[in-house]
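Reader: I should like to examine this model by question and answer, beginning with its strands and then turning to its ligand. Please show the sequence and the structure first.

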Amino acid sequence: MTDLTEALSSCDDSLTMQLIRERLSAGVPATEIVAECNIGMTQLGERFDQGEAFIPDLMFAGMIMKKGMEILQPYLESSTEITEKKKTLVIGTVQNDIHDIGKDITAMVFRSHGFHVVDLGVDVKPETFVASIREHQPEFVGMSLLLTTCYQSVMNTVQAIESAGLRNQVKVCVGGAAATALLAEKANCDFYGKTAVETVRWAAQQK
Ligand code: B12
């Protein structure tokens, strides 16, 4: 555990901000700082799972992480790996799931790599994804999933895209702490994105 993961997982707002700033000044890449924060959030989640942390802790840590992302955003946006032609990603957190931090980071990373991003928010119904594909004609659709109880929402979303006859025109990816390669395969997604950065690299390589 580093001092930053520890500061975030123990909900120490000012120390977290200080450590993020210190790492930036020391030249640590913003994506590495995000990964470190991610570990802190996972550790807090484990404490919650074991009854050692509670909903207010999760909410507070979420607020701290969002504040940290505001500091990191300009550094993520100064990335040089820009795709040649502007492609579009439609992204949302699936139905019945309201976690948005990882989705927001993924959206931010895609924007920083030159993608146009349409963010549908959280608790997004399958039909909303479909309507957005019709409206924006994206190359990519991304679903964020933090709750294992929402696997069915991922399945339903891909099925709705298929039923609308739109599946062949988009590449679909799924990510978030509850997502797995197996789920991606079962739900007929094209890619499981363990991290936002890994996913944008995959997307940039697609024709
Ligand atoms: C903060 C938090 C909350 C906050 C969310 C605040 C917010 N604005 O998002 C609040 C308090 C609201 C919350 C509520 C709940 N939570 Co919660 N929460 C968390 C916690 C601690 C951190 C999540 C987080 O933000 N992580 C940091 C981000 C950066 O990580 P990430 O989302 O994984 O994103 C990265 C990658 O996965 C990827 N990624 C993310 N999305 C996408 C999308 C695409 C397309 C791609 C390619 C990549 C990608 O990119 C990111 C960066 O690389 C997790 C613990 C954990 N292990 O994740 C529990 C956790 C997810 N929550 C959990 C639970 C149970 C709940 C509640 C049901 C609790 C309750 N009893 O009410 C509710 C559910 C509410 C709902 N309907 O959604 C459980 C889920 C268990 C399970 N197996 O399903 C977890 C795992 C905690 C635990 N260990 O028990 N939670």
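**Strands, ligand and loops**

Reader: How many of the 5 residues of strand E4 (residues 171-175) are buried?
Author: Helices (H or I, at least four residues) and strands (E, at least two) are DSSP runs, numbered from the N terminus. Buried means under 20% relative accessible area, exposed over 50%, and partly exposed in between, with a 1.4 Å probe and protein chains only. Strand E4 is mostly covered, and its number of buried residues is 4.

Reader: What kind of model is this?
Author: Residues are numbered from 1 along each chain as its sequence is written, and side-chain values use heavy atoms, with hydrogens and water left out. Local features need pLDDT of at least 70, side-chain atom pairs count only at pLDDT 80 or more, and totals for chains, interfaces and linings use all residues, for this is a predicted model.

Reader: Which helix carries the chain from E3 to E4?
Author: Two strands pair if DSSP finds at least two bridges between them; E3 (residues 140-144) and E4 run parallel and are joined by 5 bridges. Phe140 stands opposite Lys171, and Val141 opposite Val172. The β-α-β crossover between E3 and E4 is right-handed (with the strands pointing away from the viewer, the path from the first strand over the helix to the second runs clockwise), and its helix, residues 151-163, is H7.

Reader: Which strand lies at the end of the crossover that leaves E4 through helix H8 (residues 181-186)?
Author: E4 is joined in parallel by 3 bridges to a strand of residues 191-193. In this pairing, Gly175 stands opposite Gly193. The β-α-β crossover from E4 through H8 is right-handed, and it ends at E5.

Reader: Why is E3 largely enclosed by the rest of the structure?
Author: Phe140, Gly142 and Ser144 point one way from E3, whereas Val141 and Met143 point the other way. Both groups are buried. E3 is therefore largely enclosed, its number of buried residues being 5 of the 5.

Reader: Which residue of E3 stands opposite Gly92?
Author: Strand E1 (residues 88-93) pairs with E3 in the parallel sense, over 5 bridges. Within that pairing, the residue opposite Gly92 is Met143.

Reader: In which pocket does the ligand sit?
Author: On a 1 Å grid over the protein atoms alone, a pocket is an open set of points where a 1.4 Å probe fits, with protein on both sides within 12 Å along at least five of seven lines; lining residues have an atom within 4 Å of a point. A molecule sits in it if more than half of its atoms lie within 2 Å of its grid points. By this criterion, the ligand occupies the largest pocket.

Reader: Which element gives the largest share of the shell around the ligand?
Author: The elements that give two or more residues to this shell are H3 (30-49), H4 (55-76), H5 (101-112), E3, E4 and H9 (196-205). The largest share amounts to 6 residues and comes from H3.

Reader: At what distance does a polar side-chain atom of Asp100 lie from a nitrogen atom of the ligand?
Author: A residue is near the ligand if one of its heavy atoms lies within 4 Å of it; of the 36 residues around the ligand, Ile98, His99, Asp100, Ser144 and Thr148 come nearest. A polar contact is a pair of N or O atoms within 3.5 Å; within protein, one must be able to donate a hydrogen and the other to accept it, and residues adjacent in sequence count only if both atoms are side-chain atoms. Backbone N or O atoms of Ile98 and Ala177 lie 2.7 Å and 3.3 Å, respectively, from an oxygen atom of the ligand. For the side chain of Asp100 and the ligand nitrogen, the distance is 2.7 Å.

Reader: What is the phi value of Asn188?
Author: Most residues other than glycine have a negative phi. Asn188 lies in the loop between H8 and E5 and is partly exposed because its relative accessibility is 37%. Its phi is positive, near 65°.

Reader: Is Ala53 buried or exposed?
Author: Ala53 is found in the loop between H3 and H4. Its relative accessibility is 3%, so Ala53 counts as buried.
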